[in-house]
Amino acid sequence: MSQPGRVGEAGVMVLSRRTLLAAAPAGLLARPALVRAQSSTPIRIGEINSYTSQPDFTRSYRKGWELALSHLNDLGGLNGRKVEIVSRDDGGTPEGALRAAAELVHDDKVDVLAGGYLSNVGLAISAYALQQKKLYIAGEPLTDALVWEKGNRYTYRIRPSTFMQAAMLVETALTLPAKTYATVAPNYEYGQSAVKWFRQLMSARRPDVRFVGEQWPALGHIDAGAIAGALGQGAPDAIFCALFGTDLQAFVRQGNTRGLFDNRLVVSMLTGEPEYLNLLGDETPSGWLVTGYPESLSDEPDNKQFVLDYTLQYHEAPTMGAVVGVSLVNAIASGVLKSGGTDSEKMADGFADATFPTPFGVCRFRAIDHQSTLGTYVGRTTKQNGHGGMVDWGYVNGEAVMPPDDVVRKLRPGS
């Protein structure tokens, strides 16, 4: 992977001057009169996230975007304008996100909306962005509806979607001997989308596979003992899991206690991400097939530099949240430069095909559906010295698991 970034004294990979020039339209940065006229007005990003309800992800995520923002401004900002992020907590609800978005747009006069964690929250912000004709760059919300069924010209997304991550897992799951699966996922947009795509993609490639049971606990209110018991009664060969956070922690604890995972394959979305492995600790089950991030193990140049810089600044290893935070700021900076400013209509078009550096390499926003090509890692869980980790992992480029354009056009009206 190429290394488009630049590192400060205690910094993180951010946009270099060369990258800024390459991303900008011809002559844009060579107009000193325009720079002088705008230099006193900061570019304002209105960032919304579930800081109180999802701290395992958002703690590192905030550090990531704060660090990237600091170095972006050290470079002089964008076209001579300082960049500011005005952050709001959505409380983990669509209603909270909509209140925050309205404050940011009408009171704080932000140029761009950004962030989001839960899929239903991301969809709410996206609908508001369309209503207000304000650009929204989603960081973490994974539902495919965000860029397909409910996609709109003002919404772009950073993370690989539920379809993309399911497709990554299916490639390896196809080789497993399991012929019957049960599923467990939180009963809201993300979980429903994750299970839908895993079932569809597996069934299309392995017609001999049957799905023999499903469990849909409410997000944050899992009865883990009852869920584990119900899954075990169905005696599936394998389990597909889309739980995360404390729900995942409770499920793993009950599953370990009841022997649910003994001699049974588990395919699990997100479980290999450090924020969730840190929660599991010495309860981490071994051998699960997962998507995740082996932060300090990947020796790809961009990731090595990112881990070093983040660790020097915060004295801890980064998690996936930090990757999203850094990538979010870099993506917005690149898109603003490519668009020639912060006019919402110009950005809605200009962010298409914008390229930006991430700890996983250079990515771009696809013009057809506004999905970024950022990928993720696939591997297996392991437990070493009381800590969870990943082994047998490899990086899967997001572009490699996206459906062809003719399929996307059917999924996204008006694409």
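**Figure 1. The exposed surface of the protein chain.** In this predicted model, the protein chain exposes about 15600 Å². Carbon and sulfur atoms supply 48% of that exposed area. Turning from the surface to the inside, 60% of the 415 residues count as buried. The charged side chains are 39 positive and 43 negative ones, and the centres of these two sets lie 5 Å apart.

**Figure 2. The whole chain, before we zoom in.** Welcome to the overall fold: the protein chain has 14 helices and 16 strands. Its radius of gyration is 21 Å, close to the 22 Å that the globule rule gives for 415 residues, so the chain is as compact as a globular protein of that length. If you follow the C-alpha trace along its principal axes, it spans about 70 × 45 × 35 Å. Contacts also reach across the sequence: among those between residues at least 6 apart, 70% join residues at least 24 apart.

**Figure 3. A close-up of glutamate 283 and its partner arginine 253.** Look for glutamate 283 in the loop that runs between helix H10 (274-280) and strand E12 (289-292). Its side chain meets that of arginine 253 in a polar contact of 2.8 Å. Setting aside neighbours within four places in sequence, glutamate 283 is in contact with Val252, Arg253 and Asn256.

**Figure 4. A close-up of glycine 213 in a strand.** Here we visit strand E9 (residues 210-215), where glycine 213 is found. Is glycine 213 buried or partly exposed? Its relative accessibility is 26%, and buried would mean under 20%, so glycine 213 counts as partly exposed. Beyond residues up to four places away in sequence, glycine 213 touches Tyr181, Ala182 and Thr183. You can also find alanine 230 in relation to this glycine: the two are 17 residues apart in sequence, with 8.7 Å between their C-alpha atoms.

**Figure 5. A close-up of leucine 130 in a helix.** This last view shows leucine 130, which has its place in helix H5 (residues 119-132). With a relative accessibility of 43%, leucine 130 counts as partly exposed, given that exposed means over 50%. Which residues does leucine 130 touch, not counting those up to four places away in sequence? They are Asn152 and Tyr154. For a longer look along the chain, try proline 413: leucine 130 and proline 413 are 283 residues apart along the chain, and their C-alpha atoms are separated by 15 Å.

How values were computed
Residues numbered from 1 in each chain as written. Predicted model: local features only at pLDDT ≥ 70, side-chain atom pairs only at ≥ 80, totals over all residues. Heavy atoms only, no water. Helix = DSSP H or I, 4+ residues; strand = E, 2+ residues; numbered from the N terminus. Rg over C-alpha atoms; globule rule 2.2 N^0.38 Å. Buried < 20%, exposed > 50% of the residue type's maximum accessible area, 1.4 Å probe, protein only. Contact = heavy atoms within 4.5 Å. Areas by Shrake-Rupley, 256 points an atom, 1.4 Å probe, with all protein chains shown as cover. Lys, Arg positive; Asp, Glu negative; His and termini not counted. Charge placed at Lys NZ, Arg CZ, Asp CG, Glu CD. Polar contact = N/O pair within 3.5 Å; in protein donor to acceptor, adjacent residues only side chain to side chain.
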